[in-house]
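Grab your viewer and work through the exercises below. Each one sets a task and then walks through a solution.

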Amino acid sequence: MFPSVLLLLLLPLCATTARDEAHKPGHVSVVILGGTGDLARKYLWQGFFELYANQVSSGHSFSFYGGGLSPADKSTPVLFEVLKALNCSKDVSKERCAVLREQFFRLSKYKQLKSLEDYQDLSKSIQKQLKQEGLVEAGRLFYLSVPAFAYAEIADRINSSCRPPKGAWLRVVLEKPFGHDFKSAQVLATQLGTSLKDEEMYRIDHYLGKQVVANILQFRMQNKKHLDPLWNKYFIERVEIVLKETLDVQGRIAFYDQYGVIRDVLQNHLTEVMTLLTMRLPTNLSNSQEVLTNKLNIFTSLLPLSKNQAVIGQYQTYQREVQQELNKTKEHVSLTPTFAAVLAHIDESQYEDVPILMISGKQLDERVGYARVLFKDDIFCLQRQNSVHCKPKQIIFYFGHGSLKYPAILVSKNLFKPSVVDSEWKEVVEHEEKDVAVLGLPISDYYVQTPIVQKEAYTELISHIFAGRRNSFISTENLLASWDFWTPLLTSTTDTFPRVYPGGAENKEMLDILLKGRDLSYINEVVLFNQDPMGGQTANNFQVMQGKFRNDEMVSGWTEKLIEKLASDIEEAAEKATREGGVFHLAVSGGASPLALFHRLALYHFAFPWRETHIWMVDERCVPLNKLESNFRSLHDHLLQHVKIPYYNIHPMPVQLNQRLCVEEDKGPWLYEEEIRKFVNASSFHFVLLGVGYDGHIASLFPGVKPEDHGESLVVFTESPVKPHQRMSLTFNAINQAQKVAILIMGKFKHEAVIQLSRVKGETTQWPVTWVKTENRSVVWYLDYEALLG
């Protein structure tokens with residue numbers, strides 16, 4: 001018992017000692033790795049300049065190095081262009097600012113940091129300067145504004161050749177992402193741990209530098225007497241943490257497509273805010289260890305997330321941006337979400353059953369960030385509903401932008417009048433714009449307080465790093481606890497097809513969500529587009545349209561409605577076939593077009609006779625079936641694993657035999673043909689689903705092929721003009737014996753192909769799809785409006 005009590009007593013003393021060390025006068029060397037990169041240009045040099053301006057009279061001296069892989073003669077001019085753009089804060093006179101800028105320029109230089117020798121040379125330069133100028137070293141600060149894969153190697157070089165002597169501190173700042181999931185974060189933490197102590201690492205989340213976020217705990221502490229009775233399940237209706245952005249992700253697709261909105265925003269920024277709102281208040285806000293421990297305790301109390309506690313979306317032009325920036329083919333499909341809403345719960349009596357919503361997305365209607373604590377209302381107003389007592393009760397931590405424009409903490413006047421956070425904050429009494437409303441209430445219905453001087457987040461955090469205030473950063477334990485919480489959800493949504501939304505104001509109700517118990521869903525099952533493509537009919541009353549295309553039946557509609565119709569038609573064909581013969585044979589093609597259909601069938605067609613259904617492949621790439629490029633892998637991931645279909649009813653094409661891919665003497669096509677003749681009556685599939693390539697190919701039958709080329713064969717090897725070149729495919733002979741053939745064409749990039757096909761008369765080897773003609777003329781074209789109208 002005694003050692004534990006002693007440790008608790010010593011913790012504040014240890015924290016005080018660490019802070020004293022931070023403020024001990026001496027020379028500080030600052031090294032910005034990636035010193036001419038985008039982040040450094042926009043924020044870091046300005047932040048370190050303001051640190052210098054604030055500390056120059058405190059007894060500290062400084063040296064600043066911009067480090068990078070390029071030679072000094074190439075990057076030095078770039079660095080000085082960045083330094084020329086530095087600004088002083090408003091309270092600094094022009095004369096004083098000119099002196100500070102000149103001094104900062106003189107203290108800053110570029111150094112190539114590419115090899116171990118470069119780091120050794122840097123350390124020698126620092127030691128030489130200290131000796132020549134008779135300076136005592138206080139510490140070294142390395143800011144790693146570089147890709148995460150370089151962290152471990154740089155940390156090793158800092159540890160082996162750039163550590164300061166005993167008595168001086170070392171601080172290494174790391175930018176997110178800190179891993180991709182729990183396992184990768186654990187690996188990275190282990191690698192860094194071999195070179196750096198945990199207290200030497202400052203994992204930065206710039207949201208913790210936003211003034212409102214940084215003062216959540218201070219606000220809770222200052223208003224403890226009002227909040228203690230309210231901050232629990234009896235009074236809180238729900239907590240919302242929201243970050244809405246209007247921009248897309250063009251220019252950073254290479255990063256974003258690997259991470260998506262949950263990893264990019266929810267796992268870090270919004271989770272950090274959530275812990276600040278719900279953690280137990282520390283006895284001492286300046287005790288970094290106590291703050292981090294109380295944060296960690298929240299993670300241990302979070303209930304696991306299941307798939308039904310999240311909805312995801314993707315803005316409409318994202319696919320095209322991915323194809324362009326990553327040089328992907330038009331068939332490539334990315335399931336990376338650009339919008340997500342997640343419902344979390346904390347398994348503590350204080351917050352039992354209190355919904356915590358974390359929501360973020362790109363291409364939304366406005367740019368705004370906030371955390372709202374909405375309280376239950378026990379007042380019913382029969383008259384005078386505009387009375388302040390009849391309005392919602394809420395506390396809003398408003399990060400900035402949106403209708404209010406500036407960061408603020410707002411408290412409904414029907415709750416209590418809050419104490420001002422501290423001397424750097426002020427209460428806003430007069431509002432310049434009287435008609436501003438924030439989350440349903442006019443600004444006049446709130447007590448509002450805001451920082452006297454608005455400060456940039458990175459500038460704030462840089463000052464915290466210098467001061468050794470670790471509670472504004474992510475410890476290893478907290479990082480791993482966060483990934484442990486989020487990774488199962490990320491895994492379960494990997495193959496989920498996100499709802500596509502048009503972006504901006506056009507989203508309307510498409511992303512509105514419904515809380516039902518501990519489940520989360522979109523309010524609207526079907527996405528409705530409010531456009532007018534077909535002579536005055538709007539999507540609110542327009543389902544799908546029947547017509548003719550190339551003398552065959554045609555069904556057209558907006559994508560989601562079209563897919564809904566196609567799924568229903570397949571189910572109807574399945575029910576008819578099983579009713580008449582006890583079995584249904586469905587052949588499906590690969591590519592991107594069927595993915596939305598698979599998603600629809602898996603989620604909404606619970607009455608589908610899967611146990612009586614046999615699934616066949618129309619075509620397959622010559623790759624192992626477990627590879628992402630495999631059509632069967634796509635079918636499995638998006639449909640088969642989600643429905644109860646007997647495994648012996650599933651018929652992948654035998655492209656890999658005898659540990660070889662598509663070798664003629666292994667007779668893969670012959671084996672598949674024999675299987676078809678054995679199970680499928682008269683080799684006539686009940687339903688064949690095809691897509692059309694932008695070059696007119698169908699299945700894996702490419703331009704130049706004719707029906708007679710394959711004789712009576714049902715299955716053949718073919719050659720594709722794009723990699724992987726070798727394919728296995730059903731022939732026209734097999735396709736045209738089917739009882740019904742559906743040809744699905746979707747997307748703007750298919751519009752030109754649709755136009756060309758509408759003009760082609762008869763059959764032509766240039767457009768293989770024109771040879772698809774069943775004996776009973778039961779070919780139906782399913783065309784979405786983007787493909788049809790462009």
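Helices (H or I, at least four residues) and strands (E, at least two) are DSSP runs here, numbered from the N terminus. The model is a predicted one: local features need pLDDT of at least 70, side-chain atom pairs count only at pLDDT 80 or more, and totals for chains, interfaces and linings use all residues. Residues are numbered from 1 along each chain as its sequence is written, and side-chain values use heavy atoms, with hydrogens and water left out.

**Exercise 1. Get the overall picture.**

Task: work out how many helices and strands the protein has, and what share of its residues is buried.

- Step 1. Counting the DSSP runs gives 22 helices and 33 strands.
- Step 2. Call a residue buried under 20% relative accessible area, exposed over 50% and partly exposed in between (1.4 Å probe, protein chains only). Buried residues then make up 54% of the 790 in the protein.
- Step 3. For extent, the C-alpha trace spans about 90 × 75 × 60 Å along its principal axes.
- Step 4. Take a contact as heavy atoms within 4.5 Å. Of the contacts with a separation of 6 or more, 76% join residues 24 or more positions apart.

**Exercise 2. Pair up the rings.**

Task: find out how the rings of Phe48 and Tyr143 are arranged, and which parts of the chain they tie together.

- Step 1. You need two numbers, since a pair of aromatic rings is described by the distance of the centres and the angle of the planes.
- Step 2. Rings of Phe, Tyr and Trp (its six-membered ring) pair if their centres lie within 6.5 Å; planes under 30 degrees apart count as stacked, over 60 as edge-to-face and the rest as tilted. This rule yields 29 aromatic pairs.
- Step 3. For Phe48 and Tyr143 the centres are 6.3 Å apart and the planes are at 85°, so this pair is edge-to-face.
- Step 4. Phe48 sits in helix H2 (residues 38–55) and Tyr143 in strand E4 (residues 137–144), so the pair ties together parts 95 residues apart in sequence. Both Phe48 and Tyr143 are buried.
- Step 5. Now try Phe219 and Phe397: at 5.5 Å centre to centre and 90° between the planes, they are edge-to-face. Phe219 belongs to helix H9 (residues 216–222) and Phe397 to strand E12 (residues 393–401), so this pair ties together parts 178 residues apart in sequence. Phe219 and Phe397 are both buried.
- Step 6. Zoom out to a cluster: Phe48 and Tyr143 belong to one aromatic cluster whose members include Trp45, Phe49, Trp169 and Phe466.

**Exercise 3. Lay out the open sheet.**

Task: for the open sheet of eight strands, establish the strand order and which strands stand at the edges.

- Step 1. Two strands pair if DSSP finds at least two bridges between them. The order comes out as E21-E22-E33-E32-E29-E23-E24-E26, with mixed pairing.
- Step 2. E21 (545–549) and E26 (650–651) stand at the edges with a single partner strand each, so one side of each has no neighbour in the sheet.
- Step 3. Look at E32 (residues 741–745) and E33 (residues 779–784): they pair in the parallel sense over five bridges. Ile745 stands opposite Leu783 in E33.
- Step 4. For directions, fit axes as lines to C-alpha atoms, for helices over the stretch in contact; angles run from 0 to 180 degrees between N-to-C directions. Helix H16 (residues 559–581) lies across several strands, including E21 and E32, and runs at about 155° to E33.
- Step 5. Helix H19 (residues 668–679) also packs on the sheet, touching E23, E24 (613–617) and E26, and its direction makes about 155° with that of E24.

**Exercise 4. Box in a strand.**

Task: is strand E13 (residues 408–412) largely enclosed or left open?

- Step 1. Five of its five residues are buried, so E13 is largely enclosed by the rest of the structure.
- Step 2. Split E13 by face: Ala408, Leu410 and Ser412 are buried on one side, Ile409 and Val411 on the other.
- Step 3. Check the partners. E12 and E13 pair in the antiparallel sense over four bridges, with Ile395 opposite Val411.
- Step 4. E13 also pairs with strand E17 (residues 446–451), antiparallel over four bridges, where Val448 is the bridge partner of Leu410.
- Step 5. The hairpin of E12 and E13 has six residues between the strands, and Gly402 takes a positive phi near 60° there.
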